[in-house]
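The exercises below are meant to be worked through with the sequence and the structure at hand. Each one gives a task and then a solution in steps.

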Amino acid sequence: MERLHNYLGPSFAVAAEGLSSSFSSQPLDSVWERHSKLQLFCMILSIVLWVFCFTAAITAITISRTRYAGHKRSLSSRMTKDEAPGVSIIRPLRGIDSNMYENLASSFRQDYPLFEIIFSVAQPNDPAIAVVKDLIKKYPKVDARIIIGEKNVGINPKINNMIQSYETAKYDIVWVCDSNVYVDPGCMGRSVDKMMKPGVGLVHHLPFGVRPQTLGSELELMFLDTVHAKMYLFINWTGLASCVVGKSNLYRRSDLNKVGGLAAFGKYMAEDNLVATAIFNMGYKHEMTSDLAYQSLGSMTPSDYFLRRARWTRIRKYTVTAATVVEPFIEMIGCGLVASYGFNLLWNIHMLNFLAFHVVFWFLVDWTMYQALSGEKMDNLRGFLMAWCLRELAALPLYTYAVVGSTVDWRDQTFLLLRDGTVKALTSTPSTKATKTIVPGSPSSTPPSPTTAAFWANTMVPQSTQDSLRKFFRRPAVISVVRSTLAVIHFLVDILIKSQRNGNEDEDGELSDGNISEENVRSNVPEKEEILKLQKVPLKQRVSSSNIKNKKYAFDYDGDDSSATESELVLRRSSRLKTSGRSKFQKHATFESEDDEGRILMRHDRSAEEDELSKAVEPYLSDSLSRRGRTRRVDISNTSQFLSVP
Ligand SMILES: CCCCCCCC/C=C\CCCCCCCC(=O)N[C@@H](CO)[C@H](O)/C=C/CCCCCCCCCCCCC
Ligand SMILES: O=c1ccn([C@@H]2O[C@H](COP(=O)(O)OP(=O)(O)O[C@H]3OC[C@@H](O)[C@H](O)[C@H]3O)[C@@H](O)[C@H]2O)c(=O)[nH]1
C-alpha cells in the first residue's frame, strides 16, 4: 500500500485500500466461520448450480451463433450415385399434422444423389395417405413408397408403425424424421458428411419450434426454443452422455442390428434416446449439423402442451433418473431460489435483489438464445416476455404433476410407464377414425379424456383426495377467485397489447379488411383435393379475398383432426365458429400467413376453465407473437421458402 501511495498518490491509494478491504479474505473468512458445514455445502452447491446454468446457456448461445449461423454445401451431395452412400428416409405418420404437406415435401426436395423415402402409416383409413399419394405424384422422380399397416413388435406405436419400413429399407443409413418436421434441402448431404467421419454413429438435429398458432403452441415453442435448446446443445457439446430427441435422427441399421435392431426398443417409450444410447455405448459419437428440425407446432391447447411436457418428463423419469432429479433446478425459478440462498450466505445480497437480477438476466439469455437460433432480431419483446413468463411460471407445477404420475398420452393412446422404462398400453386405437377402446381388464369402459379426466386420473393421487379437490374447485368462492384472476390477466394482457399496437395502424387496418362469414364456411365442405391444396399453401402467400375461403379450411386441417370423420370435422368447424365471434375470425383470417390464421382449431375439446384462460390470453398472445411467424433464419431464405415471409 505504501508503494502504491508513492507511485499513484494518496487518492488512488485510498480507493485501492477500500477495494482491497471489500474483497479481502476477511468477509470470506467470516463466511466460513459464521455458517455450519451443511450451510456451506448448500451454499457452494447452489452457486455451482447457478454458474453451471449460465455457463450452459452461454455455451449454447455461442454454438447457436456459430454452428447455426450458416450452411455449407456438403461434399456428399456433390458425389455421383455410385459414390454416395444411400439413405432411406423413414417418415412415421399418424393423422394430419400442422403444415404436413410442406414437412413431407421437404424430404422429396433433398439435394442428394441417392435416397429413398418410406412413409409408414399404421391404419389404411389414415388421412395422411392422401397427402403422401399427392406428393408421390408430384415428385415422380423421387424413389418413394408408402407402407400401410403396423407390426406389433412391442408397445411403442411409433416403432410398430415404422418397423416394416426399417426392415425393408434399401440402404444401411436410415433417417427417421417425424411427420411434423421440416428440414432444409441440404440437410441430408450435411448429415451424411458427418456420418462418414470416423467414429460417428448417429447424427441428429436440434428441434426448433415454429408456426405457433395458439397459446399452447406458444408455450411449447418457448420450451423448445429456450430451455430445451440450451440444455440439448450444451449436453451434446460436452459429449458426456447421450441426449437425443427423435425428431430427426440418422444412424446405421448395421450398428443398431448388433443390439437387436429397432424392434428391440419397441417395449420402451423413450425409444429415441435409448437407440441413441445404445449406439453411444458401442463407442460411437453423436454429431449435429447446422440444420434445425423445424417442428410445426400448429394449434396446441394449453393442456396439449401440459400433457406433452408431462409425457416427456415421465418417460425421462425412469430412463435418465438423475437428470430428472436435477431438472427443476435448471429451470429459472428453481435455480433462482436456490442461488439466491447461496449468494445471500456468501455476500449477504438480499434474496429479492438477487432474484430480480437473476430473472432479468435469465430472460435476456433466453431472448438472445431464441434470436441466435432463429437468425433474426426479434422485435416483439412484449409478446415474447408474456409467453416466457407463462412458461416459466408453469414449469415447476408441471414438473411436480409429471413426476408423481406414470401414465402418458400419446396421440389418442394412453400408456402406463413401468419402472424398468418399459411401457404397458392402457387404451388402444385400432383406427385413426375410431374412438378409443379400453383394453380388457381396465376398470372403465369410457376412456379418459386427454384433457381434464386424464389430468386427474393420470396422477397417483388417491381417489378421496381427488374427490375433495374436485369439491374444492366447485365452491362458488373458489370459482369467483379463479374468474377474478382470469379477468385481471385479461385486463393486463389487453393493456399490454393495446400499448404495443399503438402506431401499428397498418396491421389494424388489415384486420378490418377480412370478409369471412360463418355461412361461407358452413356451406363449403372441403373435398380431399381441398385438404391437399390447403396443406400446400406456403407461409409466404398473402391471403387474398379469393383464397380466404380455402384458408378457412386450413384452420381445421392444420391441427390433429386425424381421428375425425369428414362429417365430424364439419360439425367441429361449425361449433368452433359458433363459439368464436365474427370479429375474432376476421382478425385472424386476414393475417398474411397460415401461422396467424389457424388458431381457431383446437385438437381436443377444452374444459371450461381452459377456455376461459385461453379466451383471455390466447388471442392477444398469439396475435402479438405472430410476428415471429415472419422471422426466418437468414441463411435458409433461398431454400426454405415455406418458412419465410417477406
Ligand atoms: C450440475 C450438473 C447438472 C447436469 C444437469 C443436466 C440436466 C439435464 C436435464 C434435462 C435435459 C434436458 C434436455 C433433454 C431433452 C429432453 C427431451 C425428452 O424428454 N425427450 C424424450 C422424448 O423425445 C427422449 O426420449 C428423452 C431424451 C432424454 C435425454 C436426456 C439426457 C440427459 C443426460 C444428462 C447428462 C448430463 C450431462 C451433464 C454434462 C455436464
Ligand atoms: O401412435 C403413434 C404416435 C406417433 N407416431 C409418429 O411418431 C412421431 C412423433 O410423434 P409426436 O410428434 O406426436 O411426438 P413427440 O414429438 O413427442 O415425439 C418425440 O418423443 C417421443 C419419442 O418416442 C419420439 O421418438 C420423439 O420424436 C410422428 O412422426 C408420429 O406420426 C406414430 O407413428 N404413431
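**Exercise 1. Aromatic pairs**

How many aromatic pairs does the count come to? Take the pair of Phe343 and Trp347, classify its geometry, and place both residues in the chain.

Solution. The structure is a predicted model, and in it the count comes to 24 aromatic pairs. For Phe343 and Trp347, the ring centres are 5.8 Å apart and the planes stand at 35°; since planes under 30 degrees apart count as stacked and those over 60 as edge-to-face, the pair is tilted. Both residues belong to helix 14 (residues 332–347), where they are four residues apart, about one turn of the helix. For the accessibility step, buried means under 20% relative accessible area and exposed means over 50%. Phe343, with a relative accessible area of 7%, is therefore buried, whereas Trp347, at 53%, is exposed.

**Exercise 2. A pair between two helices**

Classify the pair of Phe363 and Trp388, and state which helices hold the two residues.

Solution. The centres of the two rings are 5.0 Å apart and the angle between the planes is 80°, and the pair of Phe363 and Trp388 is edge-to-face. This pair links distant parts of the chain, with Phe363 in helix 15 (residues 351–374) and Trp388 in helix 16 (residues 381–404), 25 residues apart. Phe363 has a relative accessible area of 9% and so is buried; Trp388, at 2% relative accessibility, also counts as buried.

**Exercise 3. Clusters and charges over rings**

Which residues do ring pairs link into a cluster with Phe343 and Trp347, and which rings have the charged ends of Arg309 and Arg314 over them?

Solution. The cluster joins Phe343 and Trp347 to Trp50, Phe54, Phe354, Phe357, Phe361 and Trp362 through ring pairs. As for the charges, the charged end of Arg309 sits over the ring of Phe223, at 3.7 Å from its centre, while that of Arg314 sits over the ring of Tyr401, at 4.6 Å from its centre.

**Exercise 4. The surroundings of ligand 2**

Describe the shell around ligand 2, beginning with its residues and ending with its classes.

Solution. Ligand 2 is surrounded by 20 residues, of which Lys158, Asp178, Lys247, Glu271 and Arg308 are the closest. Polar side-chain atoms come to 2.6 Å from an oxygen atom of ligand 2 in the case of Asp178, to 2.5 Å in the case of Glu271, and to 2.8 Å in the case of Arg411. On its own, ligand 2 has 660 Å² of accessible area, and the protein covers 97% of this. Two or more shell residues come from each of strand 1 (87–93), helix 7 (157–168), helix 11 (271–281) and helix 12 (302–319). Sorted by class, the shell around ligand 2 holds nine charged, six nonpolar and five polar residues.

**Exercise 5. The surroundings of ligand 1**

Repeat the analysis for ligand 1, and state which helix gives the most to its shell.

Solution. There are 23 residues around ligand 1, and His228, Ala270, Asp272, Trp312 and Arg316 come nearest. A polar side-chain atom of Asp272 is 2.5 Å from an oxygen atom of ligand 1, and for Arg316 the corresponding distance is 2.4 Å. The protein covers 83% of the 880 Å² of accessible area that ligand 1 has on its own. Helix 9 (215–238), helix 11, helix 12 and helix 13 (321–326) each supply at least two shell residues, and helix 9 gives the most, with five. By class, the shell around ligand 1 divides into 16 nonpolar, four polar and three charged residues.

Conventions. Residues are numbered from 1 along each chain as its sequence is written. Chains are lettered from A and ligands numbered from 1 in the order in which they are written. This is a predicted model: local features need pLDDT of at least 70, side-chain atom pairs count only at pLDDT 80 or more; totals for chains, interfaces and linings use all residues. Side-chain values use heavy atoms; hydrogens and water are left out. A residue is near a molecule or strand if one of its heavy atoms lies within 4 Å of it. A polar contact is a pair of N or O atoms within 3.5 Å; within protein, one must be able to donate a hydrogen and the other to accept it, and residues adjacent in sequence count only if both atoms are side-chain atoms. Accessible areas come from the Shrake-Rupley method with a 1.4 Å probe; for residues, only the protein chains shown count as cover. Ala, Val, Leu, Ile, Met, Phe, Trp, Tyr, Cys and Pro count as nonpolar, Asp, Glu, Lys and Arg as charged, and the others, Gly among them, as polar. Rings of Phe, Tyr and Trp (its six-membered ring) pair if their centres lie within 6.5 Å; planes under 30 degrees apart count as stacked, over 60 as edge-to-face and the rest as tilted. Buried means under 20% relative accessible area, exposed over 50%, partly exposed in between (1.4 Å probe, protein chains only). A charge sits over a ring if NZ of Lys or CZ of Arg is within 6 Å of the ring centre and within 35 degrees of the ring normal.
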